[in-house]
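Me: I should like to learn how to read the features of a protein model. Could you guide me through the one shown here?

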Amino acid sequence: MTISALVPDDRSSGTGRAAYAYLALRYVLTESLVVRSRYDPLRITTDPVISGRAQRGMLAAALRHARRDDLVEGWIARGDSIRFAPAFPRLEDASGAAMTVPAPRCWHSHLPPESDSQHLADLVAAPGAPGIAYRSLGGLVTPDLGHRAVPLTRTEQYLGVARGDAGRNAMPFFTTSLEPGQVFEARWQLRAATGAELRVLAGRVLDVLAAADGLLSLGSGGSRAHGGGIRITPAQGGAEPLVADRVDAGRGPWPRGDSRDLLVLAPALIDDHLGRPSPGSLRAAAAATLLAVLGPGAAEVTGAHIDQQVVGAYHRMYRGPMAERWAVAPGSHVRLRALRDIALDEIRAVEARPLGRRAADGHGAAALLPIAEPAGVPADRSPLSRPGGAHPEPGRRFAVPGGRPGPEGTELRTRPVPLADGSPAWVEPRWVAAEAAADPSDSPVARLQDALLSRAAAEPVRAHARQLARRSARLPAPALLGRLREVVTVPGHAPAAVLSRLAGVVRGDPAAAAPHAPFGEAARQAAALATVPFGTGEVSLPDWLERAAADPAAWWEQAGPDDTDLAAALTPVDLAWTAGAGPSSASAAWRIRPDVLARLTLLLVSTWLSAAAQPGTGTDPAPREATG
């Protein structure tokens with residue numbers, strides 16, 4: 001079986017642009033993360049590697065946030081300038097940081113006779129000895145096979161709703177996600193016409209990522225798992241963000257007669273000469289790449305270890321799996337022997353050329369690495385941003401002023417949470433309660449409290465408005481309801497201003513109703529016949545709307561939902577609530593704030609108008625002919 005030669009354009013295996021380099025990025029997980037390539041509705045298990053496709057979607061969201069839709073086609077859709085790459089765990093310690101790569105599939109652990117420790121054997125260099133059990137090394141290792149990265153995961157059980165039965169039945173499902181506080185490294189391939197344009201492109205990408213700091217999210221949104229928060233910084237710190245190599249290993253000339261492995265870093269979608277998926281064509285693809293880049297007589301294939309896997313994806317928009325196909329598994333490799341001296345620039349040119357299709361997603365990325373000479377089985381390490389779980393400085397402890405407890409007491413009562421840089425922090429519950437009761441303009445915790453309570457209060461308010469519509473004795477004509485709904489659906493205006501415009505429309509005041517047309521005489525008479533329950537009685541619709549605009553607090557006392565129902569909806573999301581206690585003072589203060597009352601009043605009014613327009617609502621519709 002042979003492999004077809006792909007046309008060297010910007011979206012396939014060609015080098016495309018004249019200059020290329022790699023943008024080294026350091027990822028710190030600030031929340032739990034799920035990145036998956038297979039779809040199982042009852043068991044969601046994360047991959048230990050962040051795929052290039054997931055990072056591609058993340059950058060697209062960052063561009064949308066920065067309102068740079070003009071860059072989406074060139075950077076994301078076509079892949080003209082950026083080829084994404086998988087992010088592998090990064091092992092950090094006091095001496096520095098080390099990248100990891102998929103373990104070459106040729107390496108196997110075994111227990112030699114008369115030995116009590118495991119050894120590694122290269123089964124491509126020499127076949128295994130009979131009578132000895134070999135186990136594939138697997139996982140993610142440093143290129144010298146000194147350490148193996150073991151990402152930390154957590155498994156949680158949820159109760160979800162099945163999509164196929166209209167939500168009538170619930171079923172349990174499991175989610176295995178990556179723990180926060182872990183570090184990964186990705187190297188995106190940037191391409192441009194000149195080196196100066198490369199540096200400009202790298203600066204623009206970093207500016208977009210910096211503008212979206214705190215908003216970046218990966219993976220978890222499409223898997224019914226919470227989290228996905230991530231923080232991205234240059235992997236080189238304050239140094240030049242662009243690096244010349246895909247992997248920091250074996251960066252030197254390739255002498256004649258020496259052997260190296262072309263290691264597949266990401267699934268390679270290789271086709272045969274008939275266009276069919278053919279992972280077994282990796283040897284032919286590697287030979288074709290060497291011939292195209294180095295010319296004839298530069299290197300030859302002496303062996304290979306090829307595994308295959310199914311590659312798919314989860315489509316977040318359609319909420320379902322995408323088509324799967326067979327691909328070369330990461331860790332597969334082709335062993336090559338140099339027939340002449342090969343310079344470092346030539347090695348980099350080979351690595352810059354991906355194997356197979358979908359290079360923009362990072363598929364087919366490969367690296368030419370020297371064959372390792374391990375002393376033993378790699379030692380397992382977790383890719384933590386702070387090895388050993390070192391405690392943060394005292395300034396990382398958030399407590400109420402004058403009442404900060406000691407470190408021991410704080411750790412016994414609270415669970416550490418990861419900050420944006422991945423380091424843990426201990427948060428005192430009393431500090432959260434105090435911040436939740438503050439002015440939202442002064443505290444981000446108060447802004448979060450306001451958003452949570454607003455969303456929780458929406459459902460009981462809407463339910464109460466629908467009940468009022470059903471109890472209304474006489475309803476206005478649909479045309480009048482439509483004109484009133486036009487007023488409340490205009491975005492970008494304060495709730496109090498919208499209520500004032502509604503009142504101006506129903507009483508025929510052009511100044512107060514502007515820019516909307518006020519009701520004419522016939523429409524005012526028809527609206528006055530409609531009634532709405534209010535307190536222990538009922539009032540006309542114009543009176544109901546004018547009272548809401550004049551004094552939302554007094555109107556809410558008569559027209560709003562029961563305080564018990566509202567408190568029951570707010571308690572589960574109240575940041576200041578403590579177990580075993582009633583509604584917190586923070587939520588009680590939130591419910592009487594003027595801006596909150598105006599917001600909830602407008603929500604109730606707009607829901608009533610929508611419910612009243614539904615056929616069959618109410619008991620005695622008012623005359624339908626008056627619309628002027």
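**Reading the model step by step**

Me: Where should a newcomer begin, and how many helices and strands are there in the protein?

Reply: One should begin with the nature of the model, which is predicted. The protein contains 17 helices and 31 strands. Of its 628 residues, 47% count as buried. Among contacts with a separation of 6 or more, 73% are between residues 24 or more positions apart.

Me: How is a sheet to be read, and in what order do the four strands of the open sheet with S19 stand?

Reply: As a general idea, strands of a sheet pair through backbone hydrogen bonds, either parallel or antiparallel. In this structure, the order of the four strands is S19-S24-S18-S25, and their pairing is antiparallel. Strand S19 (299-305) and strand S25 (366-370) are the edge strands, each of which pairs on one side only. From one strand to the next, the twist averages 30°.

Me: Which residue stands opposite Glu300 in S24?

Reply: Arg337 is the residue opposite Glu300. The two strands concerned, S19 and S24 (residues 333-338), run antiparallel and are joined by six bridges. A helix belongs to this picture as well: helix H5 (residues 344-351) lies across strand S18 (259-264) and S25, and runs at about 140° to S25.

Me: Which strands are at the edges of the open sheet with the order S9-S8-S10?

Reply: That sheet has three strands with antiparallel pairing. Its edge strands are strand S9 (119-122) and strand S10 (135-136), each pairing on one side only. Two bridges connect strand S8 (residues 107-110) with S10 in the antiparallel sense. Across this pairing, His108 stands opposite Ser136 of S10.

Me: How should I read the two faces of a strand, and which residues of S15 lie on one side and which on the other?

Reply: In a regular strand the side chains alternate between the two faces of the sheet. In strand S15 (residues 183-192), one side carries Val183, Glu185, Arg187, Gln189 and Arg191. The other side carries Phe184, Ala186, Trp188, Leu190 and Ala192. The residues on both sides are all buried, and both faces of the strand are covered.

Me: Why is S15 described as largely enclosed by the rest of the structure?

Reply: The description follows from burial: ten of the ten residues of S15 are buried, so the strand is largely enclosed by the rest of the structure.

Me: What pairs with S15, and which residues are the bridge partners?

Reply: Strand S1 (residues 19-29) pairs with S15 in the antiparallel sense over ten bridges, and Ala24 has Arg187 as its bridge partner. Strand S3 (residues 82-83) also runs antiparallel to S15, joined to it by two bridges; here Ile82 stands opposite Leu190. Strand S4 is likewise antiparallel to S15, with two bridges, and Pro89 has Phe184 as its bridge partner.

Me: How is the burial of a single residue judged, and is Arg90 buried or exposed?

Reply: The test is relative accessibility, with buried meaning under 20%. Arg90 has a value of 11% and therefore counts as buried. This residue is in the loop between strand S4 (88-89) and strand S5 (91-93). Beyond neighbours within four places in sequence, Arg90 is in contact with Arg26, Ala97, Ala98, Val183, Phe184, Glu185, Ala235 and Pro383. Val183, Phe184 and Glu185 have already appeared among the buried residues of S15.

Me: Where is Ser385, and is it buried or exposed?

Reply: Ser385 is in the loop between strand S26 (379-381) and strand S27 (397-398). Its relative accessibility is 14%, so Ser385 counts as buried. In sequence, Ser385 and Asp93 are 292 residues apart, while their C-alpha atoms are 8.6 Å apart in space.

Me: How is the packing of two helices read, and at what angle do H10 and H17 cross?

Reply: Two packed helices are described by the angle between their axes and the distance between the axes. The axes of helix H10 (residues 495-506) and helix H17 (residues 594-612) come within 8 Å and cross at roughly 45°. H10 is therefore oblique to H17. The crossing of these helices is left-handed.

Me: Which residues of H10 and H17 meet?

Reply: From H10, the residues are Pro495, Ala496, Val498, Leu499 and Leu502; from H17, they are Ala598, Arg599, Thr601, Leu602 and Val605. By class, this contact has eight nonpolar residues, one polar and one charged.

Methods. Residues are numbered from 1 along each chain as its sequence is written. This is a predicted model: local features need pLDDT of at least 70, side-chain atom pairs count only at pLDDT 80 or more; totals for chains, interfaces and linings use all residues. Side-chain values use heavy atoms; hydrogens and water are left out. Two strands pair if DSSP finds at least two bridges between them. Axes are lines fitted to C-alpha atoms, for helices over the stretch in contact, and angles run from 0 to 180 degrees between N-to-C directions. Contact means heavy atoms within 4.5 Å. Angles under 35 degrees count as roughly parallel, over 145 as roughly antiparallel, 65 to 115 as roughly perpendicular and the rest as oblique. A crossing is left-handed if the near helix is turned anticlockwise from the far one by less than a right angle, and right-handed if clockwise. Ala, Val, Leu, Ile, Met, Phe, Trp, Tyr, Cys and Pro count as nonpolar, Asp, Glu, Lys and Arg as charged, and the others, Gly among them, as polar. Buried means under 20% relative accessible area, exposed over 50%, partly exposed in between (1.4 Å probe, protein chains only).
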